[in-house]
Amino acid sequence: MLVTLIIACEVGFWVLLAGGLALRYLAKMPRTGAAVLLCEPLLELVLLVATAVDLRGGAEPDWKHGLAALYLGYTVAYGHYTVRWLDGHAAYRLAGGPKPAGAGYGAARAAHEWKLFARTVLAAAVAAGLLQAAIWYVGGSGDTAVLRGWQLTALRVVGIHALIAVTYTVWPKQQPKPDPEPAKALSDADRP
């Protein structure tokens, strides 16, 4: 049941996001759209309560509880960022707003990647904290090795993202060179 709820929360996130942006820009109802977008944290609250109830009901801690913690950590760190990013693109595409700035190139891109890394650290910290709370919540009555394993998974994700940020720092992404004058199309007379 917990896996179904995690999937439902993820689908619900995107449905609320699409609905909120559609109300905001297509239906020209910005306040209603904002209200729909503000409902998204309720999904995470439902998942948190369901996970706690599942563990309190005597469920053996397993991978589903670890996945729920990582999902909650991700939504805390990246949820608002994702909404803001998509809102900027929706405003540009649907309402004639300014084109959102990209991540950039060179040092600006490296700085962007380090900011994303900081979000990943936050996500891992939230997930690890929730997992530790679950370990304390279960106490000595259950095997919590799986939950500790998910804490290590969160650390691995941080390590992988650190490597990605380092690569953008050491080998910065360069701005593409403008295309030279396009080649002229060969006319039928010029073909061999």
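Which helix gives the most to the lining of the second largest pocket? In this model, which is predicted, that part is played by H4, with 5 residues. The report below begins with the two pockets, continues with the salt bridges, and ends with the surface and a few pairs of residues.

## The pockets

The second largest pocket holds about 230 Å³ of space, and its lining includes Tyr81, Arg84, Trp85, Gly88 and His89. Pro100, Ala101, Gly102, Ala103 and His112 also line the second largest pocket. When the residues of this lining are divided by class, 5 are nonpolar, 4 are polar and 1 is charged.

The largest pocket contains about 310 Å³ of space, and 14 residues make up its lining. Among these, Leu37, Glu40, Gly79, His80 and Val83 lie nearest the centre of the pocket. Several helices take part in this lining, since at least two residues come from each of helix H1 (2-26), helix H2 (30-38), H3 and helix H4 (63-95). How many residues of the lining of the largest pocket come from H4? H4 supplies 7 residues, which is the largest share. Sorted by class, the lining of the largest pocket has 6 nonpolar, 3 polar and 5 charged residues.

## The salt bridges

The count of salt bridges in the model comes to 3, and the table sets out each pair with its distance.

| Positive partner | Negative partner | N to O distance |
|---|---|---|
| Arginine 24 | Aspartate 87 | 3.4 Å |
| Lysine 64 | Aspartate 62 | 3.1 Å |
| Arginine 109 | Glutamate 113 | 3.0 Å |

The side chains of arginine 24 and aspartate 87 meet in a salt bridge, and this pair links distant parts of the chain, with arginine 24 in helix H1, aspartate 87 in helix H4, and the two positions 63 residues apart in sequence. Arginine 24 counts as partly exposed because its relative accessibility is 26%, whereas aspartate 87 counts as buried because its relative accessible area is 17%. The cut-off that matters for this reading is 20%, because a residue is called buried under that value.

Arginine 109 and glutamate 113 offer another arrangement to examine. Why are these two residues separated by about one helical turn? They are 4 residues apart in helix H5 (residues 106-138), and therefore about one helical turn lies between them. Are arginine 109 and glutamate 113 buried or exposed? Both arginine 109 and glutamate 113 are buried.

In the remaining pair, lysine 64 forms a salt bridge with aspartate 62, and lysine 64 counts as partly exposed because its relative accessibility is 23%.

## The surface and a loop

Which residues form a nonpolar patch on the surface? The patch is made of Leu42, Leu45, Leu48, Val49 and Val53, which together have about 440 Å² of accessible area. One of these residues, valine 53, lies in helix H3 (residues 40-56), and valine 53 counts as exposed because its relative accessibility is 53%. Helix H3 also holds alanine 52, which is partly exposed because its relative accessible area is 31%.

Lysine 28 has its place in the loop between H1 and H2. The phi angle of lysine 28 is near 55°, a positive value in a residue other than glycine. With a relative accessibility of 58%, lysine 28 therefore counts as exposed.

## Distances in sequence and in space

Some pairs of residues show how separation along the chain can be set beside separation in space. Alanine 52 and alanine 133 are 81 residues apart in sequence, and their C-alpha atoms are 9.7 Å apart in space. Arginine 156, whose place is in helix H6, is 32 residues from alanine 124 in sequence and 9.3 Å from alanine 124 in space, C-alpha to C-alpha. Arginine 156 is exposed, because its relative accessible area is 52%.

How far apart in space are alanine 162 and leucine 42? Their C-alpha atoms are 31 Å apart, while in sequence the two residues are 120 residues apart. Alanine 162 lies in helix H6 (residues 145-170), and alanine 162 is partly exposed because its relative accessible area is 22%. Leucine 42, its partner in this pair, belongs to the nonpolar patch on the surface.

Notes. Residues are numbered from 1 along each chain as its sequence is written. This is a predicted model: local features need pLDDT of at least 70, side-chain atom pairs count only at pLDDT 80 or more; totals for chains, interfaces and linings use all residues. Side-chain values use heavy atoms; hydrogens and water are left out. Patches are made of residues with over 30% relative accessible area and no salt bridge: like charges are joined within 9 Å, nonpolar side chains (Val, Leu, Ile, Met, Phe, Trp, Tyr) within 5 Å. Accessible areas come from the Shrake-Rupley method with a 1.4 Å probe; for residues, only the protein chains shown count as cover. A salt bridge is a side-chain nitrogen of Lys or Arg within 4 Å of a carboxyl oxygen of Asp or Glu. Buried means under 20% relative accessible area, exposed over 50%, partly exposed in between (1.4 Å probe, protein chains only). On a 1 Å grid over the protein atoms alone, a cavity is a set of points where a 1.4 Å probe fits but cannot get out, and a pocket is an open set with protein on both sides within 12 Å along at least five of seven lines; lining residues have an atom within 4 Å of a point. Grid points are joined across faces, edges and corners, and a volume is the space filled by probe spheres set on the points. Ala, Val, Leu, Ile, Met, Phe, Trp, Tyr, Cys and Pro count as nonpolar, Asp, Glu, Lys and Arg as charged, and the others, Gly among them, as polar.
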